[in-house]
Amino acid sequence: MSTLHPDIEKVLFSETEIRRRVIALGRAITRDFRGKDLLLVAVLRGSFIFLADLVRAIQLPCALDFMAVSSYAGSESTGIARVTLDLKKSPVGKHVLLVEDVVDTGLTLARLRGALKGRGVRSMKACAFLDKPSGRRRVARIDYRGFTVPDGFVVGYGLDYNERYRNLPYLGLLKRRVFEHPGKADL
């Protein structure tokens, strides 16, 4: 295991645990989408590492595209999810799998589903690396779930706080002092 970063309170899931779970998700997605025209739509930026590992675990031909949705300022959700980058490919006739890093409030997932509804998709499902039900403001149907996490700010494996910690190979709980007293984080 990698050395614990000084801003991390504890490791929630190790690199090995994450790898095993992503492989299991890939198998389930492969089984469920066999013979279907699959389009993975990843939500940037937090999902990029999860997406890279997940797509390698899916044993089917699939296309990739990206959307970006902004709803956070620092460590808090603004309550407004707005699409800042839309698809480049047409989703018409595709079976779409939304790939999210964290489903917290449910607002981003609802916004994505709304943005794709009416675009001629054959089906739409969601895969989330993390589910954080304690922050839910909207019902969020997650068809493929990596892990459920408790309340707290999690970083690593692509997830960040103010563009830091994405490169940690594990998922860790950020020490409260880091986001409650910005500027005092260790470098």
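The questions and answers below cover a pocket, a buried residue and some strands of a predicted model.

In this predicted model, local features need pLDDT of at least 70 and side-chain atom pairs count only at pLDDT 80 or more, while totals for chains, interfaces and linings use all residues. Residues are numbered from 1 along each chain as its sequence is written, and side-chain values use heavy atoms, with hydrogens and water left out.

User: Which element gives the largest share of the lining of the second largest pocket?

Analyst: A pocket is an open set of points on a 1 Å grid over the protein atoms alone, where a 1.4 Å probe fits, with protein on both sides within 12 Å along at least five of seven lines; lining residues have an atom within 4 Å of a point. The lining here consists of E15, I18, R19, V22, I23, D53, A57, Y157 and P169. Two elements give two or more residues to this lining, α1 (15-33) and α2 (48-57); helices are DSSP runs of H or I with at least four residues, and strands are runs of E with at least two, numbered from the N terminus. The largest share, five residues, comes from α1.

User: What is the volume of the second largest pocket?

Analyst: Grid points are joined across faces, edges and corners, and the volume is the space filled by probe spheres set on the points. For the second largest pocket, this comes to about 190 Å³.

User: Is L54 buried or exposed?

Analyst: L54 lies in helix α2. Leaving aside residues up to four places away in sequence, L54 touches V22, L25, G26, I29, L40, V99 and C127, a contact being heavy atoms within 4.5 Å. Buried means under 20% relative accessible area, exposed over 50% and partly exposed in between, with a 1.4 Å probe and protein chains only. L54 has 0% relative accessibility, so L54 counts as buried.

User: Which are the edge strands of the open sheet with the order β1-β9-β8?

Analyst: Two strands pair if DSSP finds at least two bridges between them. The open sheet has three strands with antiparallel pairing, and two bridges join β8 to β9 (residues 171-174). An edge strand pairs on one side only, and here these are β1 (8-13) and β8 (154-155).

User: Which residue in β5 stands opposite L38?

Analyst: Strand β2 (residues 38-44) has six of its seven residues buried, so β2 is largely enclosed by the rest of the structure. β2 pairs with β5 (residues 95-103) in the parallel sense over five bridges. Opposite L38 in β5 stands H95.
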